[in-house]
Amino acid sequence: MLVAAGLGSARADDNDYPTEARADYVFGCMAANGQTREALTKCACSIDAIAAILPYDKYVQASTILGMRQGIGQRANEFRSTKMFDDKIAELRRAQAEAEIRCYRPSAN
């Protein structure tokens, strides 16, 4: 029984994205890719793949940096020109690329 409980908590750590964050991603993804059942399936797959690769705190950091880069002025420029921020966004982009391969490319069934 203790072994099963230990496995359960390890899986919870792997799935640290809150439901609200997953739903927000899926809504945005579907807005960009169509409001169809197929889009829902692919978008849900995509956030699951990203969550399997990138811890939630790193996802939030990269998303925040991307949002800040869209602004204007000195503060936005600082977010655009800092190498550390580029590295955080690169991690997110790699996870997104892997999610695209897993979820959007036709499978060879």
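**Chat about a helical model**

Guide: Read along the sequence, this protein runs α-α-α-α-α-α, and the model we're looking at is predicted.

Visitor: OK, so how many helices and how many strands are there in the protein?

Guide: Six helices and zero strands.

Visitor: What share of the residues is buried?

Guide: Buried residues account for 25% of the 109 in the protein. The accessible surface is about 7,600 Å², and 56% of that belongs to carbon and sulfur atoms.

Visitor: And the contacts? What share joins residues at least 24 apart?

Guide: If you take contacts between residues at least 6 apart in sequence, 57% join residues at least 24 apart.

Visitor: Let's go inside. Which residues of the largest nonpolar core touch the most other members?

Guide: That core has 18 residues, and the ones touching the most other members are Tyr 17, Tyr 25, Ile 47, Ile 50, Leu 54 and Tyr 59. Two or more core residues come from each of α2 (19-33), α3 (37-53), α4 (56-69) and α6 (83-103).

Visitor: Which element gives the largest share of this core?

Guide: α3 does, with six residues.

Visitor: Tyr 17 caught my eye. What does Tyr 17 touch, leaving out residues up to four places away in sequence?

Guide: Its partners are Arg 22, Ile 47, Ile 50, Ala 51, Leu 54, Pro 55, Tyr 56 and Tyr 59.

Visitor: Some rings in there! How many aromatic pairs does the count come to?

Guide: Three. One of them is Tyr 17 with Tyr 56, edge-to-face, at 5.1 Å centre to centre and 65° between the planes. The two sit 39 residues apart, with Tyr 17 in the loop between α1 (2-14) and α2, and Tyr 56 in helix α4.

Visitor: Are those two buried or partly exposed?

Guide: One of each. Tyr 17 has 4% relative accessibility, so that residue counts as buried. Tyr 56 has a relative accessible area of 23%, so that one is partly exposed, since buried means under 20%.

Visitor: And why is the pair of Tyr 17 and Tyr 59 called tilted?

Guide: Because their planes are at 45°, and edge-to-face needs over 60 while stacked needs under 30 degrees. The ring centres are 5.2 Å apart. Tyr 59 is in helix α4 and Tyr 17 in the α1 to α2 loop, so this pair ties together parts 42 residues apart in sequence.

Visitor: Is Tyr 59 buried or exposed?

Guide: Buried, and so is Tyr 17.

Visitor: Which residues make up the aromatic cluster, then?

Guide: Tyr 17, Tyr 56 and Tyr 59 form one cluster.

Conventions
Residues numbered from 1 in each chain as written. Predicted model: local features only at pLDDT ≥ 70, side-chain atom pairs only at ≥ 80, totals over all residues. Heavy atoms only, no water. Helix = DSSP H or I, 4+ residues; strand = E, 2+ residues; numbered from the N terminus. Buried < 20%, exposed > 50% of the residue type's maximum accessible area, 1.4 Å probe, protein only. Contact = heavy atoms within 4.5 Å. Areas by Shrake-Rupley, 256 points an atom, 1.4 Å probe, with all protein chains shown as cover. Core = buried A, V, L, I, M, F, W, Y, C linked by side-chain atoms within 4.5 Å. Phe/Tyr/Trp six-rings, centres within 6.5 Å; stacked < 30°, edge-to-face > 60°.
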